[in-house]
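Me: Please take a close look at the salt bridges of this structure and at the residues that form them. I would also like to see how the surroundings of these contacts are described, in one connected account.

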Amino acid sequence: EAMRGPSAWSVADRELMAAFVSTVNECTFCVGAHTATAGQAYQDDAKVRSVLTDLESAPVEDGLRATLRMLGTLTRDGEVDAEDMQEVLSAGVSPAQIEDALAVCAAFTTTNRLADAFDFELLDPEGYAAGATFLLKRGYR
């Protein structure tokens, strides 16, 4: 539901959030999988790499940047405060979008830990690309 349910965030945005949270959590498998999926969804691998390398200079809208910044704080520190939320709201993100982003963060913080605990097999770029094509066609079932 967090990744493919109704949301003002695009599928590409939510896949980017998954890749971003996975990067903060240093989950190699999920970074590879969701970087590839976000790149295909946006049809812009460079944009995705830019966000994961340097969020502040990446070519994304202010609302998405503020949301990713907040998700990074939550993922690293385990909490956010009213000031963090006010920054996201001030960037034009709705409360419903914040809830959706938090759902993605919760889903991937859990998934990252499972992927690492079960030592998910790392794939080559072609394997991640094939998985991304499948996720974008079939979703999460």
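Reply: A residue is called buried when its relative accessible area is under 20%, exposed when that area is over 50%, and partly exposed in between. The model discussed here is predicted.

With these limits, R4 counts as partly exposed because its relative accessibility is 28%. E15 has a relative accessibility of 0% and therefore counts as buried. The side chains of R4 and E15 meet in a salt bridge, with a distance of 3.0 Å from N to O. This pair links distant parts of the chain, since R4 belongs to the segment before α1 (11–24) while E15 sits in helix α1, 11 residues apart. A partly exposed arginine is thus paired with a buried glutamate.

Searching the whole structure gives three salt bridges. Apart from the R4 and E15 contact, there is a network of salt bridges that links E56, R69 and E87.

Within this network, R69 forms a salt bridge with E56, and the closest N and O atoms are 2.8 Å apart. Distant parts of the chain are again linked: R69 lies in helix α4 and E56 in the loop between α3 and α4, with their positions 13 residues apart in the numbering. R69 is partly exposed because its relative accessibility is 28%, and E56 is also partly exposed, at 46%.

R69 takes part in a further salt bridge, with E87, where the closest N and O atoms are 2.0 Å apart. Here helix α5, which holds E87, is linked to helix α4, which holds R69, the two residues being 18 apart along the chain. E87 has a relative accessible area of 34% and so is partly exposed. R69 therefore has a salt bridge to E56 and another to E87, as a member of the network.

Charged side chains also gather elsewhere. D77, E79, D81 and E83 form a patch of negative charge on the surface. One of them, D81, is placed in the loop between α4 (62–77) and α5 (82–90). D81 is partly exposed because its relative accessible area is 41%.

A nonpolar patch on the surface is made up of L114, F118 and F120, which together have about 310 Å² of accessible area. F120 is found in the loop between α6 (95–117) and α7 (125–138). With a relative accessible area of 34%, F120 is partly exposed.

The loop between α6 and α7 also contains D119. Its phi is near 50 degrees, a positive value in a residue other than glycine. D119 counts as exposed because its relative accessibility is 65%.

Q43 offers another positive phi in a residue other than glycine, near 55 degrees. The loop between α2 (28–42) and α3 (45–53) is where Q43 lies. At 73% relative accessibility, Q43 counts as exposed. Most residues other than glycine have a negative phi.

Note on methods
Residues are numbered from 1 along each chain as its sequence is written. This is a predicted model: local features need pLDDT of at least 70, side-chain atom pairs count only at pLDDT 80 or more; totals for chains, interfaces and linings use all residues. Side-chain values use heavy atoms; hydrogens and water are left out. Patches are made of residues with over 30% relative accessible area and no salt bridge: like charges are joined within 9 Å, nonpolar side chains (Val, Leu, Ile, Met, Phe, Trp, Tyr) within 5 Å. Accessible areas come from the Shrake-Rupley method with a 1.4 Å probe; for residues, only the protein chains shown count as cover. A salt bridge is a side-chain nitrogen of Lys or Arg within 4 Å of a carboxyl oxygen of Asp or Glu. Lys and Arg count as positive and Asp and Glu as negative; His and the chain ends are not counted. The place of a charge is taken as NZ of Lys, CZ of Arg, CG of Asp or CD of Glu. Helices (H or I, at least four residues) and strands (E, at least two) are DSSP runs, numbered from the N terminus. Buried means under 20% relative accessible area, exposed over 50%, partly exposed in between (1.4 Å probe, protein chains only).
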